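User: I should like a close look at the interior of this chain and at the residues that bear on it. Please give one connected account.

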Amino acid sequence: MNALKQSVAVPAAVLNPSRRTWLLAALACSLPVAWAMPSPLTVDVWKSPACGCCKDWVATLTRAGFRVQLHETGNADKRRQLGIPDSLGSCHTAQVGGYALEGHVPVTEIQRLLREKPAAIGLAVPGMPVGSPGMDGPAYGGRHMPFDVLLVQGGGKVQVYRSYGVKP
């Protein structure tokens, strides 16, 4: 019986960990959380170098947490390459998460698209409606036009994804 009651010497550092030990343990516990955090999605944007409203739309994406890669080469060729009909064209074309974005698409609709993942080419806001993101700065005097965000499907088929009316 006495052989079973041997005492084991435990180092003092194990019984009384130092501040350094606690900090290292806390750091080790936080590393998996940092690795699990999603990195911001990159939105590739093709636009004219001279377009100011495109820069304003890009600023709304950045404020929403997207990373933006600008391609100042114009957008007509990219629009066609991504499958957006010319009839839905606007001043810039973008791509995120495998989807095309044409024109002044609101961030909330981009986030919805990425969350719902419909079978589609992407979203379009044809033309440059005043009051849409990027077309809503002080130069427009608070004016707002109604506009639709269109879900673009294969073969040029579209359906209204969300309508934006005139703000009071």
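Analyst: The account below moves from the overall layout to the nonpolar interior, and then to the charged pairs and the cysteines.

The model is a predicted one. Its chain has five helices and seven strands, and from the N terminus on these follow one another in the order α-α-β-α-β-α-β-β-α-β-β-β. Of the 168 residues in the chain, 33% are buried. The accessible surface comes to about 10,300 Å², with 60% of that area belonging to carbon and sulfur atoms. Among contacts with a separation of 6 or more, 53% are made by residues 24 or more positions apart.

The interior itself comes next. In soluble globular proteins, nonpolar side chains tend to be buried together. In this chain the largest nonpolar core has 22 residues. Those with the most contacts inside this core are Trp-57, Leu-61, Phe-66, Leu-101, Ile-110, Leu-123 and Val-149. At least two residues of the core are supplied by each of β1, α3 (52-63), β3 (92-96), β4 (99-103), α5 (107-116), β5, β6 and β7. The largest share, four residues, comes from α5.

Phe-66 gives a view of how this core is put together. Leaving aside residues up to four places away in sequence, Phe-66 touches Leu-41, Val-43, Leu-61, Val-96, Val-107, Ile-110, Gln-111 and Leu-114. Of these partners, Leu-61 and Ile-110 are also named among the core residues with the most contacts. A further core lies apart from this one; it has seven residues, among them Leu-82, Leu-88, Ala-100 and Leu-150.

Two of the strands that supply the main core, β6 and β7, are also partners in a hairpin with five residues between them. The strands β6 (147-152) and β7 (residues 158-164) run antiparallel and are joined by six bridges. One of the bridge pairs is Val-152 with Val-158, the latter in β7. In the turn, Gly-155 has a positive phi of about 75°.

The loop that leads into β6 also reaches the interior. Ser-132 is placed in this loop, between β5 (122-125) and β6, and with a relative accessibility of 0% it counts as buried. Beyond residues up to four places away in sequence, Ser-132 touches His-104 and Phe-147.

Charged side chains form a second theme. Side chains of opposite charge can pair when their charged atoms come close. The structure holds eight salt bridges. One of them joins the side chains of Lys-47 and Glu-72, at 2.9 Å from N to O. Lys-47 lies in strand β1 (residues 42-47) and Glu-72 in the loop between β2 (67-71) and α4 (76-82), so this salt bridge ties together parts that are 25 residues apart in sequence. The partners differ in how they are covered: Lys-47 is buried, at a relative accessible area of 0%, whereas Glu-72 is partly exposed, at 35%.

Asp-86 takes part in two salt bridges, one with Arg-79 and one with Arg-80. The closest N and O atoms are 3.5 Å apart in the pair of Arg-79 and Asp-86, while the pair of Arg-80 and Asp-86 has an N to O distance of 3.1 Å. Arg-79 is buried, at 9% relative accessibility, but Arg-80, at 46%, counts as partly exposed. Asp-86 is likewise partly exposed, at 42%. Through shared partners, salt bridges join Asp-77, Arg-79, Arg-80, Asp-86 and Glu-102 into one network.

The cysteines remain to be considered. How many disulfides does the chain have by the distance rule? The count comes to zero. A disulfide requires a pair of cysteine sulfur atoms within 2.5 Å. For Cys-53, the closest cysteine sulfur is that of Cys-51, at 3.4 Å, which is too far for a bond. For Cys-91, the closest is in Cys-54, and the distance of 3.5 Å is again too far. Both Cys-53, at a relative accessible area of 7%, and Cys-91, at 13%, are buried.

Taken together, the interior can be described through a nonpolar core of 22 residues and another, of seven residues, apart from it. To these are added buried charged residues in salt bridges, namely Lys-47 and Arg-79, and the buried loop residue Ser-132.

Key
Residues numbered from 1 in each chain as written. Predicted model: local features only at pLDDT ≥ 70, side-chain atom pairs only at ≥ 80, totals over all residues. Heavy atoms only, no water. Buried < 20%, exposed > 50% of the residue type's maximum accessible area, 1.4 Å probe, protein only. Contact = heavy atoms within 4.5 Å. Areas by Shrake-Rupley, 256 points an atom, 1.4 Å probe, with all protein chains shown as cover. Salt bridge = Lys/Arg side-chain N within 4 Å of Asp/Glu carboxyl O. Pairing = 2+ DSSP bridges. Core = buried A, V, L, I, M, F, W, Y, C linked by side-chain atoms within 4.5 Å.
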